[in-house]
Amino acid sequence: MERVTVGMAAAVGAFFCFTLMNVFAKLLAANHSVVEIAFYRNFIAIIPFLIAIFVFGRREILVLKSKPMLVGVRAVVGTLSLCATFYAYSLMPMADTTVLMFTSSLFIPVLGVIFLKESVGPWRWAAVVVGFIGVLVMARPTGNVYALGIAVALGAACLHATLQIILRYLGQFERPVSIAFYFFLIGVIVTAIPLPFVAVRPTADEIPLLLGVGLSGAGAQWLLSTAFSHAKAAIVTVFNYSSIVWATLFGWLIWSEWPLPHVIIGALIVIGSNLLMIWREARLGRVTGARVRAEL
């Protein structure tokens with residue numbers, strides 16, 4: 001029981017850190033390109049890997065067994081996903097964007113059928129349909145509508161889902177630590193290329209925010225690994241929805257944002273569809289730590 005409690009606490013901390021990373025990115029996006037923010041996030045996150053490799057001799061991290069091209073594709077898709085996520089948060093309130101990012105799990109069954117030839121039963125299709133009904137409720141053509149933000153957030157969610165599909169396949173051939181290292185390495189290279197054209201010299205007040213993006217992202221990954229080592233994946237996954245609490249709180253405290261009634265109703269529908277899918281997958285034994293880490 002004690003180990004499960006530790007896992008649950010680590011899960012709460014991980015999703016708090018993910019939200020904090022997006023808060024830092026949203027604050028920075030007022031003066032900085034999301035590409036520049038993604039560069040700092042990846043650059044800071046790769047430092048522990050470099051220390052492990054060159055100081056502690058963990059050279060096996062560098063070894064890719066059989067799918068180097070797909071690892072590269074995963075890294076590029078992941079970098080695009082990160083930039084799209086930061087851009088979505090810069091366009092919309094925290095809570096709204098966070099809920100729309102939950103739709104990544106709704107894209108996964110569709111992509112799984114197309115690329116992995118997975119079979120999807122009526123329960124999962126029903127959850128997908130209900131989830132997208134929730135999105136339509138949030139994006140109704142009246143009230144405060146962020147058309148570009150909604151499009152970018154859904155695009156980012158689709159990229160997140162694509163990442164999970166790639167990682168499900170890659171997990172059969174490559175070590176997760178190697179995949180993560182090359183994601184950060186290639187992410188640094190890809191985002192460094194346009195830096196001379198988009199980078200802005202950070203002010204003294206912005207340097208802590210840039211450090212915060214990288215440190216909170218790295219901390220989230222470490223806490224998530226700790227959570228999975230102490231608790232079942234189905235339990236850890238449920239705590240993902242604590243993100244909406246943190247996002248709403250930060251949005252209210254920093255930007256005086258509060259979700260409109262139709263956003264709250266749509267959010268409940270999207271979250272409900274996600275929980276239905278998690279429950280069904282857990283019953284079938286398909287919710288594993290690897291799959292959840294891939295999605296996040």
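Which helix holds G112? The answer is under point 6, after some remarks on the predicted model as a whole.

1. Overall make-up. The model is a predicted one. Its secondary structure consists of 14 helices and 0 strands, so the order of elements from the N terminus is helix after helix, α-α-α-α-α-α-α-α-α-α-α-α-α-α. Of the 296 residues in the protein, 49% are buried. Among contacts with a separation of 6 or more, 89% are between residues 24 or more positions apart.2. Confidence. Mean pLDDT for the protein is 85, with 89% of the residues at 70 or more. The highest mean belongs to helix α3 (residues 68-91), at 95, and the lowest to helix α14 (residues 289-295), at 47. Over residues 289-296 pLDDT stays under 50. For that stretch the model has 24 contacts beyond four places in sequence.

3. Helix α2 against helix α8. Helix α2 (residues 34-54) packs on helix α8 (residues 176-192) at an angle of about 140°, and their axes are 8 Å apart. Angles over 145 degrees would count as roughly antiparallel; α2 and α8 are therefore oblique to each other. Their crossing is left-handed. On the α2 side the contact is made by V35, A38, F39, R41, N42, F43, A45, I46, F49, L50 and I53. On the α8 side, the residues met are V177, A180, F181, F183, F184, L185, G187, V188, T191 and A192. Sorted by class, this contact of α2 with α8 has 17 nonpolar, 3 polar and 1 charged residues.

4. Helix α2 against helix α10. How far apart are the axes of α2 and α10? They are 8 Å apart, and α2 and helix α10 (residues 207-230) pack at an angle of about 55°. That angle makes α2 oblique to α10. The crossing of α2 and α10 is right-handed. From α2, the residues I37, Y40, R41, I44 and A45 take part. They meet L210, L211, V213, G214, L215, G217, A218 and Q221 in α10. By class, the contact of α2 with α10 holds 9 nonpolar, 3 polar and 1 charged residues. R41 and A45 are listed for α2 in its contact with α8 and also in its contact with α10.

5. Q221. This residue is found in helix α10 and is among those that α2 meets there. Q221 counts as partly exposed because its relative accessibility is 29%. The C-alpha atoms of Q221 and F18 are separated by 8.6 Å, with the two positions 203 residues apart along the chain taken as their separation.

6. G112. The residue asked about at the start is in helix α5 (residues 104-115). Is G112 buried or exposed? G112 counts as buried, because its relative accessibility is 0%. From C-alpha to C-alpha, G112 and I165 are 6.5 Å apart in space, while in sequence they are 53 residues apart.

7. A151. Helix α7 (residues 147-170) contains A151. With a relative accessible area of 48%, A151 is partly exposed; the cut-off for exposed is over 50%. A151 and L100 are 51 residues apart in sequence, and their C-alpha atoms are 9.7 Å apart in space.

8. N274. This residue lies in helix α13. At 4% relative accessibility, N274 counts as buried. Which residues does N274 contact, leaving aside its neighbours within four places in sequence? They are F102, S105, L106 and Y241. The C-alpha atoms of N274 and V128 are separated by 8.3 Å, and the two residues are 146 apart along the chain.

9. S256. The loop between α12 (242-255) and α13 (261-283) contains S256. Phi of S256 is near 55°, which is a positive value in a residue other than glycine. S256 is exposed, since its relative accessible area is 64%.

Key. Residues are numbered from 1 along each chain as its sequence is written. This is a predicted model: local features need pLDDT of at least 70, side-chain atom pairs count only at pLDDT 80 or more; totals for chains, interfaces and linings use all residues. Side-chain values use heavy atoms; hydrogens and water are left out. Axes are lines fitted to C-alpha atoms, for helices over the stretch in contact, and angles run from 0 to 180 degrees between N-to-C directions. Helices (H or I, at least four residues) and strands (E, at least two) are DSSP runs, numbered from the N terminus. Angles under 35 degrees count as roughly parallel, over 145 as roughly antiparallel, 65 to 115 as roughly perpendicular and the rest as oblique. A crossing is left-handed if the near helix is turned anticlockwise from the far one by less than a right angle, and right-handed if clockwise. Contact means heavy atoms within 4.5 Å. Ala, Val, Leu, Ile, Met, Phe, Trp, Tyr, Cys and Pro count as nonpolar, Asp, Glu, Lys and Arg as charged, and the others, Gly among them, as polar. pLDDT is the predictor's confidence in each residue, from 0 to 100. Buried means under 20% relative accessible area, exposed over 50%, partly exposed in between (1.4 Å probe, protein chains only).
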